[in-house]
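Reader: I have a model open and some questions about how it packs. Can we go through them one at a time?

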Amino acid sequence: MKNIFALILFTVLTTVMLYHASLAQDKNGDTGDVSQMFLTANQAYKEGKFEKAAALYEKLIARDIVNGNIFYNLGNAYLKAGKIGKALVTYRRAELFLPRDEDLQANIQHTLQLTTDKIEGREPYSFLKSFCFWHSKLTMRELIILCLMVNVLLWGIAIVRLFYNWEYLWLALYASIFCALLLGISSGIKIYSFYLTPGGVVTAQEITVRSGGSPSDTVLFQLHEGAEFEWLDENEGWIKIRLRDGKKGWVQKETVEKVEAD
């Protein structure tokens, strides 16, 4: 029985490792050209050519070279170039890959201080940061993998319990059920917020928020570069948004960008 459980666990871990390795590869297979472009972008940044550096990092992302370091470097280039909105949305994308990076968090806070709109309100799912401390510290992929591993452990304990009536197995079973439930809820909320209510950032200097998706609809209020919101819906070039304070409205799509990894 122990051998079966060990085999299951080994298979899961091997699959995870292979999956991560596949994500690190350039789909075009031209690693030499990609490496040179990355070095050129870094050199341009060091020389103060921030627009050039940003353009090169964007080219790398367009070629499916997507990871936290690329987004972090791109955010730095945009920030140095004075594009606060572009910098913030790119830092938020980097955060999807590097949620525990202290330098990234410091740059996000610095960029937020440069924004005009200081929108007060409760952060979505803020209770998870205090009750489920791991929720904001793990990437979505890491959280899902951890949830799967705990579930494998749960079923492994349950199977062993069928053959052995050891007292401590009951404690292990209850503990694994509790952990599996917590991680399942946390994973579900993270997936929901990523795919159904992702974040967004204003990238234009100033935009008008209207009551509907048309230039003739009533003007509700103005937002400025770097303002953050929840991305609720899309309709023919217009985006429905919700601010942290609960205000909602529609903005033109070309004035904002969604926080997504690809």
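Author: One definition first. A crossing is left-handed if the near helix is turned anticlockwise from the far one by less than a right angle, and right-handed if clockwise. Note also that this is a predicted model.

Reader: What is the handedness of the crossing of helix 4 and helix 5?

Author: Take the near helix and see which way it is turned from the far one; anticlockwise by less than a right angle counts as left-handed. For helix 4 and helix 5, the crossing is left-handed.

Reader: Is helix 4 roughly parallel or roughly antiparallel to helix 5?

Author: The two helices pack with their axes 8 Å apart, at an angle of about 165°. Angles over 145 degrees count as roughly antiparallel. Therefore helix 4 and helix 5 are roughly antiparallel.

Reader: How many residues of the contact of helix 4 with helix 5 are nonpolar?

Author: Helix 4 brings residues including F71, L74 and L79. Helix 5 brings A87, Y91 and F97, among them. By class, the contact has two charged residues, four polar and nine nonpolar.

Reader: Which residues does L74 contact, leaving aside its neighbours within four places in sequence?

Author: L74 belongs to helix 4's side of the contact with helix 5. One of its partners, T90, is on helix 5's side of that contact. The full list for L74 is A54, Y57, E58, I61 and T90.

Reader: Which residues touch the most other members of the largest nonpolar core?

Author: That core has 26 residues. Helix 2, helix 3, helix 4, helix 5 and helix 6 each supply at least two of them. Those touching the most other members are Y57, L60, L74, Y91 and L104.

Reader: How many residues are in the other core?

Author: This core lies apart from the largest one. Its members include C147, V150, L169 and L183. The count is 14 residues.

Reader: Is helix 8 roughly parallel or roughly antiparallel to helix 9?

Author: Helix 8 covers residues 140-163, and helix 9 covers residues 167-195. Their axes are 8 Å apart, at an angle of about 155°. Because angles over 145 degrees count as such, helix 8 and helix 9 are roughly antiparallel.

Reader: How many residues of the contact of helix 8 with helix 9 are nonpolar?

Author: The crossing of these two helices is left-handed. Their contact has two charged residues and five polar ones. The nonpolar residues number 21.

Reader: What percentage of residues in the protein chain is buried?

Author: Buried means under 20% relative accessible area. The chain has 262 residues, with nine helices and seven strands. The buried share is 38%.

Conventions: Residues numbered from 1 in each chain as written. Predicted model: local features only at pLDDT ≥ 70, side-chain atom pairs only at ≥ 80, totals over all residues. Heavy atoms only, no water. Core = buried A, V, L, I, M, F, W, Y, C linked by side-chain atoms within 4.5 Å. Buried < 20%, exposed > 50% of the residue type's maximum accessible area, 1.4 Å probe, protein only. Helix = DSSP H or I, 4+ residues; strand = E, 2+ residues; numbered from the N terminus. Contact = heavy atoms within 4.5 Å. Axes fitted to C-alpha atoms, helices over the stretch in contact; angles between N-to-C directions. Parallel < 35°, antiparallel > 145°, perpendicular 65-115°, else oblique. Nonpolar A, V, L, I, M, F, W, Y, C, P; charged D, E, K, R; others polar.
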